[in-house]
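Me: Please take a close look at the salt bridges of this structure and at the surroundings of the residues that form them. I should like one connected account.

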Amino acid sequence: MKKCKLILVMAVCFSLTACNKFLDEKADRRQSVPDNLEDLELMLDNAFDLNAGSGVVNSSTDEFYLRSDDVEGLPQIYRDPYTWAPQTEAIFDWQKFYKAIFIANTVLEQLGKVDRASDPVRWDYCKGAALYFRGYNLF
């Protein structure tokens, strides 16, 4: 019985003295959230993710018309949205837009935690660019 109490007391002592810094450290650098203007600006310089357009999305609109011969010559990934086929390979095409919106929202959220007085020009650039990319990819 004494051993159980001793083990219990030792377990409580060890749990109360655990190091929180070890648990706060990210296992993977990609999981960290940027917290300064330089990192936020680097996120906005990611042209591949922020400017990724989509031809597949436009192929299901009424912005253009194709003759039957031309539709048959299209690759399947473009033909299905144009003909409004219920089963399409292009379902993941929207992810590009959502990823860009996520990046812009992350920058806007983190800007609220960065002091604007440290570099007002850079701060304004980050906010303006994030608002632009979010709006561009929403519409």
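Reply: A salt bridge is here a side-chain nitrogen of Lys or Arg within 4 Å of a carboxyl oxygen of Asp or Glu. The model is a predicted one, and every value below is computed from it. By this criterion R67 and D70 form a salt bridge, with their closest N and O atoms 3.4 Å apart. That separation satisfies the criterion because the cut-off is 4 Å. D70 has a relative accessibility of 33% and is therefore classed as partly exposed.

A search of the whole structure yields three salt bridges, and the pair of R67 and D70 is one of them.

Another joins the side chains of E41 and R122, with an N to O distance of 2.5 Å. E41 belongs to helix α3, which spans residues 37–44, whereas R122 belongs to helix α9, which spans residues 120–138; the pair therefore ties together parts that are 81 residues apart in sequence. The two partners fall into separate accessibility classes. E41 has 18% relative accessibility and counts as buried, because the class of buried residues is defined as under 20%. R122, at 31%, counts as partly exposed.

The remaining pair consists of D124 and R116, whose closest N and O atoms are 2.6 Å apart. Here D124 is partly exposed, with a relative accessible area of 36%, and R116 is likewise partly exposed, at 39%. Neither value reaches the exposed class, because that class requires over 50%.

Helix α3 also provides a link to a residue outside these pairs. Q110 lies in helix α8, which covers residues 95–111. With residues up to four places away in sequence left out, Q110 touches V33, P34 and L40. Of these, L40 falls within the span of helix α3, residues 37–44, the helix that also holds E41. Q110 itself counts as buried, at 7% relative accessibility.

A further position completes the account. I77 is placed in helix α7, residues 76–82, and is partly exposed, with a relative accessible area of 36%. Its C-alpha atom is 9.9 Å from that of S59, and I77 and S59 are 18 residues apart in sequence.

To return to the request, the salt bridges pair R67 with D70, E41 with R122 and D124 with R116. For the pair of E41 and R122, the partners lie in helix α3 and helix α9.

Technical notes. Residues are numbered from 1 along each chain as its sequence is written. This is a predicted model: local features need pLDDT of at least 70, side-chain atom pairs count only at pLDDT 80 or more; totals for chains, interfaces and linings use all residues. Side-chain values use heavy atoms; hydrogens and water are left out. Helices (H or I, at least four residues) and strands (E, at least two) are DSSP runs, numbered from the N terminus. Buried means under 20% relative accessible area, exposed over 50%, partly exposed in between (1.4 Å probe, protein chains only). Contact means heavy atoms within 4.5 Å.
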